[in-house]
Amino acid sequence: MDNIFIDKVDTYIVDLPVIRPHQLAMTTITTQAIVIAIIKDKSGRTGVSEVATIGGASYGDSTVEAIKANVDKYITPHLIDQTPIQFNKIMTTVAKHVRGNLFAKSLVETALIDLAAKQREIPAYKLFGGKIHDSLPLAWTLASGDTGQDIEEAKEMLHAKRHNIFKLKIGHGDPDANVRHVGEIIKAVGDESRVTVDINQAWDEYTALKQIRALEEMGVSMIEQPLPTWNYEGMKRLTERFGVSILADEAATSLHDTYRIIKERAGDAVALKPAKHGGILETKKIAGIAEAAGFGLYGGTMIESTVGNAIAASVYSTISEFKFGTEIFGPLLYKDKLTLEDIKVENFEIQIPDDIGFGNTLDYEKLEHYKRR
Ligand code: MUC
Ligand code: MG
């Protein structure tokens, strides 16, 4: 039994190229920076996890460099010689010694869960309630930066039965032009699909008031983070004024921040993402308070590669209802992968893996190739 204890924690920064530039309001992704953690027990078994970040420090305050440094120096000492199945207790100890650092905590907690599940030869979702869904609706983000190319892409996705929910990344450049872009895409594919937009905090309240009215008339079904994270009052006013759902993403990070959004009705839906909440246990708590308040849920992504995507799929499979579906399409945007397995999509839905742990077998040659030196 001694061999179940944790022996070693390794972290790697990895830069993975994407298939086309992915334009958000604050950055354009050409390579995505991720952190991989490998926790080894004394028998040599490994738990593997990932968190992804977008645009250095331009999207949020967790950068890959800070995540790696803080895991290595401040979190790893609390893991050595512990048993992974005690992940709840271990993460409570970590929380007492390390403030914030939600991405770093998520990275460590999910690697612990993967290892605990592998030690028991069970799928990880069995450790947090068991699976409710075998598959979940899967949105795709249209963000090439070109309206014509986005329409082509949407048509291909519909034809291949890959996606019929499209999230449009707007907020970059002129707001009137943003809204015209949405209108053209709805005209081209709106009859066969559902369209949402993500502004990634780029508008002020005055701009949002004007543009959301137009977006609502066009039939957009959800407006993601139109205002900066600090503007709770503005988000509340938009939620009261419009029928279309206003979703909090960057503003809904910790349990406490999300509680404030829910209490103040600064939105009527939240995007879940294990990385920004600090792991799976926190994600489940947030899903619980959102459900209690009648908030809609969205299965969000930080655009993880196959490792992190399977982790999100696993926890989302245990949550009863996603009013807006999920967007865990990350692996489909990457040119390559670090695992032997791949994402499976059938009939517009991601299939939840049933393999042991989170179902990821790390390809060490690929890790060696893409890791930052
Ligand atoms: C975000 O803000 O939601 C999710 C999908 C995508 O294209 O970007 C991410 C980040
Ligand atoms: Mg978002």
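I count a salt bridge where a side-chain nitrogen of Lys or Arg lies within 4 Å of a carboxyl oxygen of Asp or Glu. With that rule I looked up E368 and R373, whose side chains meet in a salt bridge at 3.3 Å, N to O.

**Basis.** I am working from a predicted model, in which local features need pLDDT of at least 70 and side-chain atom pairs count only at pLDDT 80 or more, while totals for chains, interfaces and linings use all residues. Residues are numbered from 1 along each chain as its sequence is written, chains are lettered from A and ligands numbered from 1 in the order in which they are written, and side-chain values use heavy atoms, with hydrogens and water left out.

**Entry 1, accessibility of that pair.** I take buried as under 20% relative accessible area, exposed as over 50%, and partly exposed as in between (1.4 Å probe, protein chains only). E368 is partly exposed at 40%, and R373 is exposed at 71%.

**Entry 2, the metal.** Which residues coordinate the magnesium ion (ligand 2)? I found D198 (OD), E224 (OE) and D249 (OD), at 2.0 to 2.2 Å. Donors here are N, O and S atoms within 2.8 Å of the metal (3.2 Å for Na, K and Ca), and since water is not among the atoms, the site may look incomplete. Along the chain the donors of this ion follow the spacing D-x25-E-x24-D. D198 sits in strand β7 (residues 194-198) and E224 in strand β8 (residues 222-224), 26 residues apart. Helices (H or I, at least four residues) and strands (E, at least two) are DSSP runs, numbered from the N terminus. I noted D198 and E224 both as buried.

**Entry 3, D249 again.** This donor also forms a salt bridge, with K276, at 2.8 Å from N to O. K276 is in helix α9 (residues 274-277), and D249 is in the loop between β9 (245-248) and α8 (255-264), 27 residues apart. Are the two buried or exposed? K276 is buried at 5%, and D249 is buried at 1%.

**Entry 4, other salt bridges.** The count comes to 25 salt bridges. K167, K169, D198, E224 and E327 are linked in a network of them, and I recognise D198 and E224 from the magnesium site. I also looked up D354 with K131, where the closest N and O atoms are 2.7 Å apart. D354 is in the loop between β13 (349-351) and α12 (364-370), K131 in the loop between α3 (102-120) and β4 (135-137), with their positions 223 residues apart. D354 is partly exposed at 44%, as is K131 at 27%.

**Entry 5, domains.** I have domain 1 as 2-122 + 364-370 and domain 2 as 127-351, with bounds from an automatic or database domain assignment. Their C-alpha centres lie 23 Å apart. Contact (heavy atoms within 4.5 Å) involves 40 residues of domain 1 and 46 of domain 2.

The two domains bury about 3500 Å² between them, 66% of it on carbon and sulfur atoms; buried area is the accessible area (1.4 Å probe) that two parts lose on being put together, summed over both. R20, Q23 and Y59 supply 19% of the area that domain 1 buries against domain 2, more than any other three residues.

How many salt bridges run between domain 1 and domain 2? I have 2. I also looked up the salt bridge of R20 with E153, whose closest N and O atoms are 2.7 Å apart.
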